[in-house]
Amino acid sequence: ADGGRRELAQRLIASYAAALTPEVLAALPHSVIHSDVNDTNLLFEDDEVVGILDFGDSIYSCTVFDVGVAAGYYALGQEDPLHVFEEVLRGYLREATLSEEELEAFFHVAYGRVLLSVCFSAQTCAAEPDNEYLAHTSEPGWAVLSKLKDVAPAAALPRFRAVAADLAKS
């Protein structure tokens, strides 16, 4: 399993690096982003989000990274991560817009967050094998990446465009 995971990680890293070159990243819109939007950093009142916590990871970066990070986190434990990416994107686009270039980057950003998490977990678990907290997203993260392994970015993009077009009509 380790060799297969390493191969998958290397393939995804190469895809990410090819798609999100320094030139591409520099051309994307930038803003201050939270950089860690996940269920543990949201305050709810009934079913409504009423606040966000933990701004310790906030940075000035590509705006699309915030929605991509959230999509990556929300895909954990889900049967169809690509569908989760679409639904997180749908929610985001109800309140904001993304350019075509940001839509092209979105898939890479979303799986990239999960990939970063599993790679970081592997590194830190090797250094601290008894620390269970460090591994808490590892297995769910690998499950997401495994489910996405055969999804080509060129196949995901039309789905994201369809979400954006659907919302543009309303």
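# A first look at this predicted chain

The mean positions of the chain's 11 positive and 27 negative charges lie 9 Å apart. Keep in mind from the start that this is a predicted model. The chain is built from seven helices and four strands, and a nonpolar core with 41 residues is the largest of its kind here. The points below go from the whole chain to the core, and then to a handful of residues worth finding in the viewer.

**Overall form**

- Followed along the sequence, the elements come in the order α-α-β-β-β-β-α-α-α-α-α.
- The chain has 170 residues and a radius of gyration of 16 Å, which agrees with the value near 15 Å that a compact globule would have.
- Along the principal axes, the C-alpha atoms fill a box of roughly 50 × 40 × 30 Å.
- Among the contacts with a separation of 6 or more, 75% are between residues 24 or more positions apart.

**Surface and interior**

- Of the 170 residues, 40% count as buried.
- The accessible surface of the chain is about 9,700 Å². Carbon and sulfur atoms account for 55% of that surface.

**The largest nonpolar core**

- In soluble globular proteins, nonpolar side chains tend to be buried together.
- Which members of this core touch the most other members? They are Val64, Phe85, Leu89, Phe106, Phe107, Leu145 and Phe160.
- At least two core residues come from each of these helices: H1 (2-19), H3 (64-75), H4 (81-93), H5 (100-127), H6 (138-148) and H7 (153-169). Helix H5 gives the most, with ten residues.
- Leu89 is a good place to start looking around. Setting aside neighbours within four places in sequence, Leu89 is in contact with Val67, Leu98, Leu103, Phe106, Phe160 and Val163.

**Two buried residues to visit**

- Leu103 is found in helix H5. Its relative accessible area is 5%, so Leu103 is buried, the cut-off being under 20%.
- Beyond residues up to four places away in sequence, Leu103 touches Leu89, Leu98, Leu157, Phe160, Arg161 and Ala164.
- One of those partners, Arg161, is 58 residues from Leu103 along the chain, while their C-alpha atoms are separated by 7.2 Å.
- Phe65 lies in helix H3. Is Phe65 buried or exposed? With 17% relative accessibility, Phe65 counts as buried, because buried means under 20%.
- Not counting neighbours within four places in sequence, Phe65 is in contact with Tyr16, Leu25, Ile33 and Val109.
- Phe65 and Ala27 are 38 residues apart along the chain, and 14 Å separates their C-alpha atoms.

**Exposed residues in the loops**

- Asp46 sits in the loop between strand S2 (42-45) and strand S3 (48-52). Its phi is near 60°, a positive value in a residue other than glycine.
- Why does Asp46 count as exposed? Its relative accessible area is 74%, and exposed means over 50%.
- The loop between H4 and H5 holds Arg94. Glu95 also has its place in the loop between H4 and H5.
- Arg94 counts as exposed at 55% relative accessibility, and Glu95 counts as exposed at 72%.
- From Arg94 to Ala156 there are 62 residues in sequence and 20 Å in space, C-alpha to C-alpha.
- Glu95 and Ala26 are 69 residues apart in sequence, and the distance between them is 24 Å, C-alpha to C-alpha.

Conventions: Residues are numbered from 1 along each chain as its sequence is written. This is a predicted model: local features need pLDDT of at least 70, side-chain atom pairs count only at pLDDT 80 or more; totals for chains, interfaces and linings use all residues. Side-chain values use heavy atoms; hydrogens and water are left out. A nonpolar core is a set of buried Ala, Val, Leu, Ile, Met, Phe, Trp, Tyr and Cys residues joined through side-chain atoms within 4.5 Å. Buried means under 20% relative accessible area, exposed over 50%, partly exposed in between (1.4 Å probe, protein chains only). Contact means heavy atoms within 4.5 Å. The radius of gyration is taken over C-alpha atoms; the globule rule is 2.2 Å times the number of residues to the power 0.38. Accessible areas come from the Shrake-Rupley method with a 1.4 Å probe; for residues, only the protein chains shown count as cover. Lys and Arg count as positive and Asp and Glu as negative; His and the chain ends are not counted. The place of a charge is taken as NZ of Lys, CZ of Arg, CG of Asp or CD of Glu.
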